[in-house]
Amino acid sequence: MSHVELAFAGVIFDLDGTLTQPDAIDFARMRERIGMPEPGSILHWIEAHATSETEAEEMRAVVWEEEALALDQMALGTGFKDLVRVLSAAGDALPTAICTRNSTEALEAFDALLRRSGFPACATLFPVAVARDHHSTRLGRVLENKPSPEPTHEILHAWGLTEAYPVHAGHEEEAPRYPDLLFVGDGRDDLLAGRRAGTAAAWMNHGDEGAPSTATYSFRDLSECAATLIAASC
Ligand SMILES: [Mg+2]
């Protein structure tokens with residue numbers, strides 16, 4: 001692939017279950033341990049339901065512990081090689097980023113996994129990375145997490161694309177203002193974090209039927225994602 005025509009001007013990836021295999025983190029056990037009865041954002045649920053800051057701290061400690069257990073299980077997503085081929089061929093023409101609610105330690109584990117597997121470093125493939133509790137020097141504070149559009153806005157600034165794509169905060173049901181920017185994820189909050197910032201959003205379905213209404217694309221794996229990033233190749 002000596003030259004690629006790109007279908008997108010920028011792409012943001014969730015980490016867990018998107019660039020890596022799903023189910024490394026045992027979310028069901030995490031929810032059970034903190035007494036959360038429903039699916040959804042665990043960190044938001046803790047904020048809304050903990051009866052004291054001490055209890056919230058204890059619940060968050062459970063989340064961090066379960067995440068740490070999962071780091072050993074981390075494996076690259078199906079089709080990762082195809083994605084790397086497209087990203088390498090695209091080079092600077094396709095800005096990329098990772099946006100995760102996981103920790104910076106998870107990003108380091110991902111980087112180590114890439115190197116062990118013979119791929120370029122994380123910072124080469126995904127020069128911008130926003131993890132949980134990312135401090136924005138631009139805003140002078142810690143960013144809100146997905147599903148807020150704030151991490152997407154931060155990434156657009158880091159890419160230097162806010163002139164072409166001015167910061168937009170809208171509703172997820174609006175048609176994407178920036179259909180050539182894409183947020184890829186396996187969680188509803190990934191899609192919302194993109195759509196609320198005006199991007200298109202792709203659902204990693206891992207072979208399951210159905211996608212949330214906020215998904216503008218649905219991919220079985222990273223090979224399908226890679227193929228969609230290219231408009232044509234020659
Ligand atoms: Mg995920």
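Let me begin with a term: a residue is called buried when its relative accessible area is under 20%, exposed when that area is over 50%, and partly exposed in between, using a 1.4 Å probe and protein chains only. What we have here is a predicted model, in which local features need pLDDT of at least 70 and side-chain atom pairs count only at pLDDT 80 or more, whereas totals for chains, interfaces and linings use all residues. Residues are numbered from 1 along each chain as its sequence is written, and side-chain values use heavy atoms, with hydrogens and water left out.

I will start with the metal site. The magnesium ion is coordinated by Asp-14 (OD), Asp-16 (O) and Asp-186 (OD), at 2.1 to 2.2 Å. Donors here are N, O and S atoms within 2.8 Å of the metal (3.2 Å for Na, K and Ca), and since water is not among the atoms, sites may look incomplete. Along the sequence, the donor residues follow the spacing D-x1-D-x169-D. Distant parts of the chain are thus linked by the pair Asp-14 and Asp-186, 172 residues apart: Asp-14 sits in the loop between strand E2 (10-13) and helix H1 (15-19), and Asp-186 in the loop between strand E7 (178-185) and helix H9 (188-195). For these element names, helices (H or I, at least four residues) and strands (E, at least two) are DSSP runs, numbered from the N terminus. Are these two aspartates buried or partly exposed? Asp-14 is buried, because its relative accessible area is 6%, while Asp-186, with a relative accessible area of 26%, is partly exposed.

Now to the sheet. Six strands form an open sheet in the order E4-E3-E2-E7-E8-E9, with parallel pairing, where two strands pair if DSSP finds at least two bridges between them. Its edge strands are E4 and strand E9 (217-219), each of which pairs on one side only. On average, neighbouring strands of this sheet are turned by 25° against each other, direction ignored; the axes behind that angle are lines fitted to C-alpha atoms, for helices over the stretch in contact, and angles run from 0 to 180 degrees between N-to-C directions.

Going through the pairings, E2 and E3 run parallel and are joined by three bridges, with Val-11 opposite Thr-96 and Phe-13 having Ile-98 as its bridge partner. E3 in turn pairs with strand E4 (residues 128-130) in the parallel sense, over three bridges, and there Cys-99 is partnered by Val-130. Both faces of strand E3 (residues 96-99) are covered, since Thr-96 and Ile-98 on one side and Ala-97 and Cys-99 on the other are all buried. E2 is also joined to E7 by four bridges, again running parallel, and the bridge partner of Val-11 in E7 is Leu-182. E7 then pairs with strand E8 (residues 199-204) in the parallel sense over five bridges, among them one between Phe-183 and Ala-201. As for exposure, E7 is mostly covered, with six of its eight residues buried.

Next, a loop residue that brings us back to the metal site. Asn-102 lies in the loop between E3 and helix H6 (104-116), and counts as buried because its relative accessibility is 4%. Leaving aside neighbours within four places in sequence, Asn-102 is in contact (heavy atoms within 4.5 Å) with Asp-16, Ile-25, Glu-67, Ala-131 and Arg-132, and Asp-16 is one of the magnesium donors. The Asn-102 side chain also makes a polar contact with the side chain of Ser-103, at 3.4 Å. A polar contact is a pair of N or O atoms within 3.5 Å; within protein, one must be able to donate a hydrogen and the other to accept it, and residues adjacent in sequence count only if both atoms are side-chain atoms.

Within helix H6 we find Asp-111, which is buried because its relative accessibility is 18%. Its side chain is joined to that of Arg-115 by a polar contact of 2.9 Å, and, not counting residues up to four places away in sequence, Asp-111 touches Ala-121 and Cys-122.

Finally, Ser-136 belongs to strand E5 (residues 135-136) and counts as buried, because its relative accessibility is 0%. Which residues does Ser-136 touch, not counting residues up to four places away in sequence? They are Arg-141, Leu-143 and Glu-154, and with the side chain of Glu-154 the Ser-136 side chain makes a polar contact of 3.1 Å.
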